[in-house]
Amino acid sequence: SEKITVPMIRARKQGPKISMVTAYDASMAQIVDRAGVDMILVGDSVATTVQGHEDTLSVTLDQMVYHAAAVNRARPHCLVVVDLPWLSYHISPEETVRNAGRLVQEGHADAVKLEGGRKRLSVIKALVNAEIPVVGHLGLTPQSVLTMGGFRVQGRDLQAAKDLIADAQAIAQAGVFAIVLEGIPDSLAALITQSVNVPTIGIGAGAQCDGQVLVYHDVLGLNLGHLAKFVREFAQLAHTATEALQAFHQEVQAGSFPTDKESYHFDKTVLQALQQ
Ligand code: KIV
Ligand code: NA
């Protein structure tokens, strides 16, 4: 299959729906790619899923470059979008373009993603002017955890809903080619989807978006802890992995691993000469 491009995703406002899954290394990227998923997100969710942090605030630009480069070594056909981490786009448009430029030049990102609405217009425009495609991210924006006071559904009251619609229209106007909508009521996501000319990709935002995104560990059931309401586990790989590792442990103890077939052998004559 051919490489998916930014214009191809932009054109999916007319359908078919877009699928996007996170990946943080080459092995994950290869599996997501073989499944035929449209987009890979090298998400700053690597902080919680892989690094064991409580939130995404401590991921660095160097780490995002490292994960993006690992994903792209798998040469996925998926469009690879890489998150700009917290503080990499909050200082100035100039710093933002330099930082996003590293994700493209060193991480081989096809596009970058950043969180926030009208307050991010100047950096979105600077990135688009530098020929770096941008995905927006509105609603429950995890990098705002301190100001939100936790991870809570957003846009529930009238003013907050109106603000989110205005944010979506403004960033679409500024040139984002898609918008992730996270943690908002389904009918607000439907209204936003109708009011912008770029695809919306939902997570905890109902069925009316132009696409859906989930975290790799969530889709595959690799989590042991609490699951958000919007997660569907399409497999139980944590369970499968535990069973496989238990079997390995038991066969090592029993001496039944490895077998003759799983071992390397001498030529008979060498063995005889060695035993004399
Ligand atoms: O980092 C991430 O995984 C994300 C998705 C939840 C959209 O931003
Ligand atoms: Na993210």
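**Group meeting: a walk through one predicted chain**

Let's start with D44, which counts as buried because 29 C-beta neighbours sit inside 10 Å of it. For a residue to be called buried, 20 or more other C-beta atoms have to lie within 10 Å of its own. One thing to keep in mind as you look: this is a predicted model.

Where is D44 along the chain? You'll find D44 in the loop between strand 2 (39–42) and helix 3 (46–49). If we leave aside its neighbours within four places in sequence, D44 is in contact with T56, V59, M64, D83 and P85.

Hold on to D83 from that list. D83 lies in strand 3, residues 79–83. And is D83 buried or exposed? D83 is buried, again because 29 other C-beta atoms are within 10 Å. Its contacts, once more leaving aside neighbours within four places in sequence, are V42, G43, D44, M64 and K113.

So what does the record say about these two? UniProt, in an unreviewed entry, lists D44, D83 and E115 under "binding site". Those three span 72 residues in sequence, yet no two of their C-alpha atoms are more than 11.1 Å apart, so they gather at one spot.

Now the ligand. Which residues surround ligand 1? They are T22, L41, G43, D44, S45, D83, V180, E182, I203, V213 and V215. There are D44 and D83 again. Sort that shell by class and you get 5 nonpolar, 3 polar and 3 charged residues.

E182 is also in that shell, and the unreviewed UniProt entry gives E182 the feature "active site". E182 belongs to strand 6, residues 178–182. Why is E182 called buried? Because E182 has 22 C-beta neighbours inside 10 Å, and the cut-off is 20 or more. Setting aside neighbours within four places in sequence, E182 is in contact with H137, G139, L140, T141, I203, G204 and A205. I203 is one to spot on screen, as I203 is also among the residues around ligand 1.

Next, a helix to practise on: helix 6, residues 121–129. Its buried residues are V123, I124, A126 and L127. Look down the axis of helix 6 and those buried residues fall within an arc of 160°, so they line one face of the helix. On the other side of helix 6, S122 and N129 are exposed.

And what do the buried residues of helix 6 pack against? Their partners are helix 5 (93–105), strand 4 (111–113), strand 5 (134–139) and helix 8 (158–174). Just after helix 6 there's a little detail to look for: E131 takes a positive phi of about 70°.

Okay, let's zoom out. The protein chain has 12 helices and 8 strands. It is divided into domain 1, residues 6–235, and domain 2, residues 240–275. How many Å separate the centres of those two domains? Taken over C-alpha atoms, the answer is 46 Å. The C-alpha trace as a whole spans about 85 × 35 × 35 Å along its principal axes.

Two last numbers for the protein chain. Of its 276 residues, 42% are buried. And if you take contacts between residues at least 6 apart in sequence, 60% of them join residues at least 24 apart. The contact between D44 and D83 is a nice one to find for yourselves. Okay, over to you!

Conventions:
Residues numbered from 1 in each chain as written. Chains lettered and ligands numbered in written order. Predicted model: local features only at pLDDT ≥ 70, side-chain atom pairs only at ≥ 80, totals over all residues. Near = placed C-beta within 6 Å. Nonpolar A, V, L, I, M, F, W, Y, C, P; charged D, E, K, R; others polar. Domains from an automatic or database assignment. Buried ≥ 20, exposed ≤ 12 C-beta atoms within 10 Å, placed from the backbone. Helix = DSSP H or I, 4+ residues; strand = E, 2+ residues; numbered from the N terminus. Arc of directions from axis to C-beta. Contact = placed C-beta atoms within 7 Å. UniProt positions renumbered as here; feature names shortened; annotations may be inferred.
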